[in-house]
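Work through the exercises below with the sequence and the model open. Each task is followed by a solution in steps.

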Amino acid sequence: MRISLKWLFLKALVGSLTFAMCCCSITGEPQGEKGKDNPQTKKTPSAPSESAPVSEERGLWLNRSELFAPREDLLNFLDELKEAHFTTLYINTYFRGSVIYPDSRYLPRFSGVSEPDVLEWLLPEIKKRGMLSLAWLEYGFYAFHTPDATKTEDKGVFLNKHPELAAVASDGTPYLHNDKWGDFYSLCPANPESHKLLGDLFVEILERYPFDGINLDRIRFPNENFCFCPYCKKHFREDTGIELQVFEKETKEYSEFIRWRKKQLDLFMETYVPKFRKARPGVVITLASLPPEMMESHGQGWDNWMEKGLIDAAMPMLYGEANFENRIQKIKQFPHWERIFCGLDAHGLPPEKVLEQIRYLRENGAKGCAIWYSGQIGDDLPGLKAGPFSNPANSPLVK
Ligand SMILES: [Zn+2]
């Protein structure tokens with residue numbers, strides 16, 4: 001256990017980079033903005049002592065930085081998570097235009113993998129420890145990342161083959177730029193050809209490995225300034241009679257733009273979720289979803305997907321402290337609050353703050369949470385084990 005915790009500590013630097021990239025791609029803001037959420041003064045730790053429900057989701061995003069550790073370290077880490085009564089691991093399987101497993105029909109294997117096929121032995125080891133394995137499909141419509149798109153022609157396999165599928169900003173830029181973290185290419189989230197590329201890939205993953213489910217991510221537009229590609233211009237005009245341009249907010253045209261984009265992502269879910277369920281009967285479909293205030297600008301109507309049964313559960317990423325309680329009160333009104341497991345930020349928040357948020361969720365009747373992330377959970381484990389995770393739990397995702 002000591003070795004594993006030390007190893008986790010050493011991984012913190014790699015992990016913090018990954019987190020910041022994830023965060024900035026969600027918020028579109030530099031990580032520094034998030035720093036305002038973190039108080040410099042820590043309150044006295046006080047783990048809640050309430051007894052755990054029998055059925056509760058206690059999920060953890062298992063990031064690539066930990067997946068590439070030596071096997072023995074990873075197995076020790078699984079033991080620690082079992083001891084801390086986690087129920088579910090969301091395993092980083094698809095990211096940066098690559099997959100973690102060999103011989104995909106669609107994408108290359110990530111160059112940084114350390115074993116021939118980590119999933120082959122990892123999933124049985126997780127099952128042996130009584131936890132669920134969900135394939136975390138991190139990049140979603142994001143097809144590729146590069147530090148500087150002006151210095152390479154490479155856009156990743158999908159967009160190198162199909163450059164016409166790139167999502168385009170209103171000024172014509174075919175990627176999302178972030179000053180701190182570089183450039184992110186996305187497939188156009190509206191184009192059915194993009195849907196097929198992603199859908200086929202996710203079916204492959206489900207057919208090949210015995211995951212209990214999937215954790216979709218980035219099923220959304222990069223931000224409100226996308227997508228102005230030729231497909232979107234043509235079809236928005238045909239569907240609405242309006243020429244696609246940057247619309248003033250609170251106009252009829254802007255409302256049409258919001259509605260149209262949302263519908264295109266609804267179509268992806270309506271078309272492909274049945275195929276995912278067919279590829280692996282009984283599979284659980286979950287989503288790492290946006291906080292409520294970002295849903296409209298990114299075209300992600302996940303409350304509707306919950307209502308229609310297109311997803312079995314959602315993990316809205318409520319990282320940081322800002323508006324945490326207000327966000328919870330809003331999300332509580334969504335369909336199936338009992339299957340909404342809020343994503344908490346063990347990277348940016350001190351352990352006692354994470355415990356406070358879990359306590360608040362429980363006071364509001366939540367049936368679990370998901371924690372970001374494996375590389376930063378080491379200092380949280382003692383408090384979780386002594387507090388809210390002290391009793392064993394089963395994931396409500398298991399029927
Ligand atoms: Zn488009």
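**Exercise 1. Find the residue that stands opposite Met315 of S11, and describe the strands on either side of that bridge.**

Step 1. Ala288 is the residue opposite Met315 in S11. The model is a predicted one, in which local features need pLDDT of at least 70, side-chain atom pairs count only at pLDDT 80 or more, and totals for chains, interfaces and linings use all residues. Residues are numbered from 1 along each chain as its sequence is written.

Step 2. S10 and S11 pair in the parallel sense over four bridges. Strands (E, at least two residues) and helices (H or I, at least four) are DSSP runs numbered from the N terminus, and two strands pair if DSSP finds at least two bridges between them.

Step 3. S11 spans residues 313-316 and is covered on both faces: Ala313 and Met315 are buried on one side, Ala314 and Pro316 on the other. A residue is buried if 20 or more other C-beta atoms, placed from the backbone, lie within 10 Å of its own.

**Exercise 2. Place S11 in its sheet and give the strand order.**

Step 1. The sheet is open, has eight strands and runs S11-S10-S9-S5-S2-S1-S13-S12, with parallel pairing.

Step 2. S11 and S12 (342-345) are the edge strands, each pairing on one side only.

Step 3. From one strand to the next the twist averages 25°; the axes are lines fitted to C-alpha atoms, and angles run from 0 to 180 degrees between N-to-C directions.

**Exercise 3. Identify the residues paired with Thr88 of S2 on each side.**

Step 1. S2 (residues 88-92) has five of its five residues buried. Thr88, Tyr90 and Asn92 lie on one side, Leu89 and Ile91 on the other.

Step 2. S1 (residues 57-62) pairs with S2 in the parallel sense over four bridges, and Gly59 stands opposite Thr88.

Step 3. S5 (residues 132-137) also pairs with S2 in the parallel sense, over five bridges. There the bridge partner of Thr88 is Leu132.

**Exercise 4. Describe H10: its span, its kink and what covers it.**

Step 1. H10 has 28 residues and reaches 41 Å from first to last C-alpha, close to the expected 40 Å, where the expected span is 1.5 Å times one less than the number of residues.

Step 2. At Tyr272, shortly before Pro274, H10 has a kink of about 30°; the bend is the angle between axes fitted to the seven residues ending at a residue and the seven starting there.

Step 3. The buried residues of H10 include Phe257, Arg261, Leu265, Phe268 and Tyr272. Their cover includes H8 (192-208), S9 (213-217), S10 (284-289) and H12 (302-308).

**Exercise 5. Which residues have the most contacts inside the largest nonpolar core?**

Step 1. This core has 112 residues, and Cys188, Ile214, Cys227 and Cys342 have the most contacts inside it. A nonpolar core is a set of buried Ala, Val, Leu, Ile, Met, Phe, Trp, Tyr and Cys residues joined through C-beta atoms within 7 Å.

Step 2. H10 (residues 252-279) supplies the largest share of this core, six residues.

Step 3. Among the residues that Cys342 touches are Met315 and Pro316, not counting residues up to four places away in sequence; contact means C-beta atoms, placed from the backbone, within 7 Å.

Conventions. Buried ≥ 20, exposed ≤ 12 C-beta atoms within 10 Å, placed from the backbone. Contact = placed C-beta atoms within 7 Å.
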